[in-house]
Amino acid sequence: MRNTIPLVALVVLAGCVAKPVAPRPAPAPVARPAVVPRPVPPASTDWRDWPVTTGDWVYRQEQGGSTALFGATGANAVLTLHCDAASGTLYLSRQGAGGTPLTVRTSSIARSLPVQPTSAGPLGAPAYVAARLTARDPLLDAMVFSRGRFIVEQAGAATLVVPAWAEIARVTEDCRR
């Protein structure tokens, strides 16, 4: 016996297929107000968790001493450490014009340093203020051995979160010889 599906059943099944529906036109785009980003608060109140200021340290041997400069490539340094080998004096300088002290915080020491404006550079160059340190000042060792970073603060200026790289130690050792 042949198994055949009655023709009527096939016709009924064919009627079950849905009719094609014409696609709907895409909805018009809705104009949305621009989102203004809010300032992101620091992830932590502990400065040791803050992101490091953009930049790198560069060491330079110079006549009469050496200098370590920190800042973004191709821009003026935002922080420098300079050794005057003849006097055994180091100068920690940052961009700024205020006479308020610098506060340096490491993982072991926090100290305020009085500053003096430095001599004016070429026209259009940023102003700097400098704090004077002796070559044996313990703050220098604290900066070198701080756990990955230290900060330099000054009222009215952005806080610098600076990596504790070998350039600081090189300049310090140059002044201790």
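This is a guided walk through the structure shown above, from its overall layout to its sheets and pockets. Keep in mind along the way that the model is predicted.

Let us begin with the chain as a whole. The protein chain contains 3 helices and 10 strands. Starting at the N terminus, its elements follow the order α-β-β-β-β-β-β-β-β-α-β-β-α. Of the 177 residues in the chain, 33% are buried. The chain's accessible surface is about 12100 Å², and carbon and sulfur atoms account for 60% of that surface. To see how distant parts of the sequence meet, look at contacts between residues at least 6 apart in sequence: 54% of these join residues at least 24 apart.

Now turn to the open sheet of 6 strands. Its strands are ordered E1-E2-E3-E4-E8-E7, and their pairing is antiparallel. Strands E1 and E7 are found at the edges with a single partner strand each, so each has one side without a neighbour in the sheet.

At the E1 edge, you can follow the chain through a hairpin. Strand E1 covers residues 56-62 and strand E2 covers residues 65-71. The two strands are antiparallel and share 7 bridges. One place to look is Trp 57, whose bridge partner in E2 is Phe 70. The hairpin has 2 residues between its strands, and Gly 64 in the turn shows a positive phi of about 85°.

At the other edge is E7, a strand made of residues 116-117. Here 2 bridges connect E7 with strand E8, residues 128-134, and the two run antiparallel. Pro 117 has Val 129 of E8 as its bridge partner.

Another set of pairings centres on strand E9, residues 149-153. Is this strand enclosed or open? Of its 5 residues, 4 are buried, so E9 is largely enclosed by the rest of the structure. E9 pairs with strand E5 (residues 102-105) in the antiparallel sense, over 3 bridges. Within that pairing, Arg 105 is matched with Ile 151 of E9. E9 is also joined by 4 bridges to strand E10 (residues 160-163), again running antiparallel. Here you will find Phe 150 opposite Val 162 in E10. The hairpin of E9 and E10 has 6 residues between the strands, and its Gly 156 adopts a positive phi near 85°.

With the strands in place, we can look at the open spaces. Rolling a probe the size of a water molecule over the atoms reveals where space is left empty. The largest pocket has a volume of about 230 Å³. Its lining includes Ala 97, Pro 117, Thr 118, Ser 119 and Tyr 128. You have already met Pro 117, as the bridge partner of Val 129 in E8. Which classes of residue make up this lining? It has 8 nonpolar and 3 polar residues, with no charged ones.

The second largest pocket brings us back to the first hairpin. Its volume is about 170 Å³. Strands E1 and E2 each contribute at least two residues to its lining. Among the lining residues are Asp 56, Val 58, Arg 60, Leu 69 and Phe 70, and Phe 70 is the bridge partner of Trp 57. By class, this lining has 6 nonpolar, 4 polar and 2 charged residues.

Key:
Residues are numbered from 1 along each chain as its sequence is written. This is a predicted model: local features need pLDDT of at least 70, side-chain atom pairs count only at pLDDT 80 or more; totals for chains, interfaces and linings use all residues. Side-chain values use heavy atoms; hydrogens and water are left out. On a 1 Å grid over the protein atoms alone, a cavity is a set of points where a 1.4 Å probe fits but cannot get out, and a pocket is an open set with protein on both sides within 12 Å along at least five of seven lines; lining residues have an atom within 4 Å of a point. Grid points are joined across faces, edges and corners, and a volume is the space filled by probe spheres set on the points. Ala, Val, Leu, Ile, Met, Phe, Trp, Tyr, Cys and Pro count as nonpolar, Asp, Glu, Lys and Arg as charged, and the others, Gly among them, as polar. Buried means under 20% relative accessible area, exposed over 50%, partly exposed in between (1.4 Å probe, protein chains only). Contact means heavy atoms within 4.5 Å. Accessible areas come from the Shrake-Rupley method with a 1.4 Å probe; for residues, only the protein chains shown count as cover. Two strands pair if DSSP finds at least two bridges between them.
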